[in-house]
Amino acid sequence: SGRIPGTVRIPEASGMCHGGRFSLVADVTPLSAEANAKKEFNVDLRMSGLRFNTLMRELIDSVKPFVGPPSPLEAEPAVAPKAAAESPKDEFSRGLLDGEFTLRGRVGDPATHSGRGTIRICGGRVLNLPVVTALIEASNLQFPFNSSLDFAQARFYLEGGLITFEDMSVQSRSIEIVGNGTMTFPGKDVNLR
């Protein structure tokens, strides 16, 4: 759609995934009417109520051929998929994810990509760091209870191939771990404090 051939507009797309909802608005626009003209894109993605546990499991399984141990279904082929599935309570054990992300730039030119996003996860044990949590509690003169790190948030922006985390935090009722830093993409070189 549009005056220039090759223009694509998605005024609204929405659906369900990992027990939550997402919505998307996007467009791709050629810079000129020439056949092989460069194209610019804009994407606005919003997510709400996604089960963080199942989302992380799917992401880990997608890179499983490169890292990590085999999934239980590969290790024990006799187990039926239904029997290997987690209970509904376990699906919520790491909380629910809400977030939004915008991205724009030229197709095929990562140096022109820029965007901004936020992510929030709450309602379950987001991270399980029992030794670290106990040490932080003890250093704050608190009895080490291994408090549940049940809230996490991050604000970030992307410019070219560099993601800058303005604010990252993981919290429990008694402690907070905060940080910021950068990560290259797609190289994934991390520099965090």
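Among contacts in the chain between residues at least 6 apart in sequence, 47% join residues at least 24 apart. The model from which this value was computed is a predicted one. The chain contains five helices and nine strands, and from the N terminus on these elements follow the order β-β-β-α-α-α-α-β-β-α-β-β-β-β. Of its 193 residues, 25% count as buried. The accessible surface of the chain amounts to about 12700 Å², and carbon and sulfur atoms account for 60% of that area.

Strand pairing was examined next for β3. Strand β2, comprising residues 20–30, pairs with strand β3, comprising residues 39–51, in the antiparallel sense over 10 bridges. In this pairing, Phe22 stands opposite Met47 of β3. Strand β3 is also joined to strand β4 (residues 96–106) by 10 bridges, and these two strands likewise run antiparallel. Here Arg51 is placed opposite Leu96 of β4. In a regular strand, side chains alternate between the two faces of the sheet.

Nonpolar side chains tend to be buried together in soluble globular proteins. In the present model, the largest nonpolar core consists of 10 residues, namely Leu50, Phe52, Leu55, Leu97, Ile121, Val126, Leu149, Ala152, Val170 and Ile175. Helix α1, strand β5 (109–127) and strand β6 (149–159) are the elements that give two or more residues to this core. A second core, separate from the largest, has seven residues, including Phe41, Ile163, Phe165 and Met183. Within the largest core, Phe52 touches Leu97, Ile121 and Val126, and its contacts also include Arg94 and Gly95, when residues up to four places away in sequence are not counted.

Aromatic rings were then considered. A pair of such rings is described by the distance of the centres and the angle of the planes. The count comes to two aromatic pairs. In one of them, the rings of Phe156 and Phe165 have centres 6.1 Å apart and planes at 55 degrees, so the pair is classed as tilted. Phe156 and Phe165 are both buried. Together with Phe101, these two residues form one aromatic cluster. Phe165 is thus a member of the aromatic cluster and is also listed in the second nonpolar core.

Polar interactions were examined at Thr54, which lies in helix α1 (residues 52–63). Thr54 has a relative accessibility of 13% and therefore counts as buried. Its side chain makes a polar contact of 2.9 Å with the side chain of His18. With neighbours within four places in sequence left aside, Thr54 is in contact with His18 and Glu91. The partner His18 is located in the loop between β1 (8–17) and β2. Because its relative accessibility is 18%, His18 also counts as buried.

The backbone of His18 has a positive phi of about 50 degrees, although His18 is not a glycine. A positive phi is also found at Lys188, another residue other than glycine, where the value is near 60 degrees. Lys188 is situated in the loop between β8 (176–184) and β9 (190–192). With a relative accessible area of 53%, Lys188 is exposed, whereas His18 is buried.

Methods: Residues are numbered from 1 along each chain as its sequence is written. This is a predicted model: local features need pLDDT of at least 70, side-chain atom pairs count only at pLDDT 80 or more; totals for chains, interfaces and linings use all residues. Side-chain values use heavy atoms; hydrogens and water are left out. Helices (H or I, at least four residues) and strands (E, at least two) are DSSP runs, numbered from the N terminus. Buried means under 20% relative accessible area, exposed over 50%, partly exposed in between (1.4 Å probe, protein chains only). A polar contact is a pair of N or O atoms within 3.5 Å; within protein, one must be able to donate a hydrogen and the other to accept it, and residues adjacent in sequence count only if both atoms are side-chain atoms. Contact means heavy atoms within 4.5 Å. Two strands pair if DSSP finds at least two bridges between them. Rings of Phe, Tyr and Trp (its six-membered ring) pair if their centres lie within 6.5 Å; planes under 30 degrees apart count as stacked, over 60 as edge-to-face and the rest as tilted. A nonpolar core is a set of buried Ala, Val, Leu, Ile, Met, Phe, Trp, Tyr and Cys residues joined through side-chain atoms within 4.5 Å. Accessible areas come from the Shrake-Rupley method with a 1.4 Å probe; for residues, only the protein chains shown count as cover.
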